[in-house]
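The exercises below deal with a pocket, a helix, a set of paired strands and a loop residue. Work each one on the structure before reading its solution.

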Amino acid sequence: MTETTAALEALLMQRSLTDAQLEAAAETAADFRILPDATVLKIGGQSVIDRGRSAVYPLVDEIVAARKSHKLLIGTGAGTRARHLYSIAAGLNLPAGVLAQLGASVADQNAAMLGQLLAKHGISAVDGAGLSTVPLYLAEVSGVVFSGMPPYKLWIRPAAEGVIPPYRTDAGCFLVAEQFGCKAMIYVKDEDGLYTANPKTSKDATFIPKISVDEMKAKGLQDSILEFPVLDLLQQARHVRQVQIVNGLVPGNLTRALAGEHVGTIITAR
């Protein structure tokens with residue numbers, strides 16, 4: 001046992017878990033990167049999967065080709081059906097924890113469908129405890145599909161306002177990337193990346209190729225293309241210090257991003 005480890009253990013046995021000296025000692029402990037060669041992809045629910053065959057089939061082909069040289073954890077968003085459920089549940093005055101469960105059910109459905117499309121290539125969908133088998137899937141077939149919704153359910157932290165769960169599939173996929181110590185986090189959306197305004201409704205929207213979290217917040221863009229909590233998670237992360245957003249409806253964009261090209265928008269922690 002090293003001197004640092006011994007000191008940390010002594011503090012853990014003697015102090016409150018919120019003790020400042022204990023927290024400082026724990027912060028110096030290095031995290032072990034479990035899957036440092038893997039990349040997490042988040043396939044948008046509303047932006048990609050809800051568009052059906054025309055959007056999903058080409059992306060499936062690109063994923064199958066990419067896994068020959070990349071290890072891929074493929075998370076799914078929830079999309080339009082989840083928004084419909086949120087509308088009904090919120091109208092019934094149900095709490096955020098119930099809405100989180102409902103949203104998770106839709107992300108689960110999308111993971112199941114994507115998993116079936118990739119099944120003939122040996123890529124399966126896993127959930128819950130099945131995430132413990134991710135290293136085996138990556139070693140054997142270099143790919144696995146999971147539901148992007150974090151499993152907080154009734155234990156989710158409520159938003160400051162309203163009952164929409166603040167931690168949804170963007171956050172869930174990021175947390176998987178960070179906790180596994182993955183090398184990259186790529187969000188596959190239906191826009192070229194981040195803009196100064198919604199490009200679907202604003203003709204004056206300007207594309208932003210690279211930006212930091214602080215710059216996004218200063219410009220009031222914190223709730224534009226990613227869920228707001230992702231930005232705070234990114235700033236607090238130890239391993240994943242930037243995320244990339246690409247347009248998955250443009251053939252080749254995902255392949256280029258996986259190859260390290262600056263396609264789309266890159267958001268940095270600092």
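**Exercise 1.** Determine which helices and strands each supply at least two residues of the lining of the largest pocket.

Solution. The model is a predicted one.
- Step 1. The elements that meet the criterion are α4 (80-91), α7 and β6 (194-195).
- Step 2. Of the elements, α4 gives the most to this lining, namely three residues.
- Step 3. In total, 33 residues line the largest pocket. Those that lie nearest its centre are Gln 46, Arg 83, Lys 189, Ser 224 and Ile 225.
- Step 4. Sorted by class, the lining holds 12 nonpolar, 11 polar and 10 charged residues.
- Step 5. The volume of the largest pocket comes to about 830 Å³.

**Exercise 2.** Find how many residues of α7 are buried, taking buried as under 20% relative accessible area.

Solution.
- Step 1. Applying the cut-off to α7 gives 10 buried residues out of 11, and the helix is mostly covered.
- Step 2. Among the buried residues are Asp 170, Cys 173, Phe 174, Leu 175, Val 176 and Glu 178.
- Step 3. Just after α7, Gly 181 has a positive phi of about 65 degrees.

**Exercise 3.** Identify the strands that pair with β2 in the parallel sense, starting from β1 and β4.

Solution.
- Step 1. Strand β1 (residues 38-43) runs parallel to β2, and six bridges join the two.
- Step 2. The chain passes from β1 to β2 by way of helix α3 (residues 53-66), in a right-handed β-α-β crossover.
- Step 3. Within the β1 pairing, Thr 39 stands opposite Leu 72 in β2.
- Step 4. The pairing of β2 with β4 is also parallel and has five bridges. Here Gly 75 is opposite Phe 146 in β4.
- Step 5. Strand β2 (residues 71-76) has five of its six residues buried, so the rest of the structure largely encloses the strand.

**Exercise 4.** Is Gly 162 buried or exposed? Locate the residue in the chain as well.

Solution.
- Step 1. Gly 162 belongs to the loop that lies between β4 (143-147) and α7 (169-179).
- Step 2. The relative accessible area of Gly 162 is 60%. The cut-off for exposed is over 50%, so Gly 162 counts as exposed.
- Step 3. As a distance check, take Arg 53, which is 109 residues from Gly 162 along the chain. The C-alpha atoms of Gly 162 and Arg 53 are separated by 34 Å.

Technical notes:
Residues numbered from 1 in each chain as written. Predicted model: local features only at pLDDT ≥ 70, side-chain atom pairs only at ≥ 80, totals over all residues. Heavy atoms only, no water. Helix = DSSP H or I, 4+ residues; strand = E, 2+ residues; numbered from the N terminus. Buried < 20%, exposed > 50% of the residue type's maximum accessible area, 1.4 Å probe, protein only. 1 Å grid on protein atoms, 1.4 Å probe; cavity = no way out; pocket = protein on both sides within 12 Å on 5 of 7 lines; lining within 4 Å. Points joined across faces, edges and corners; volume = space filled by probe spheres on them. Nonpolar A, V, L, I, M, F, W, Y, C, P; charged D, E, K, R; others polar. Pairing = 2+ DSSP bridges. Right-handed = clockwise from strand over helix to strand, strands pointing away.
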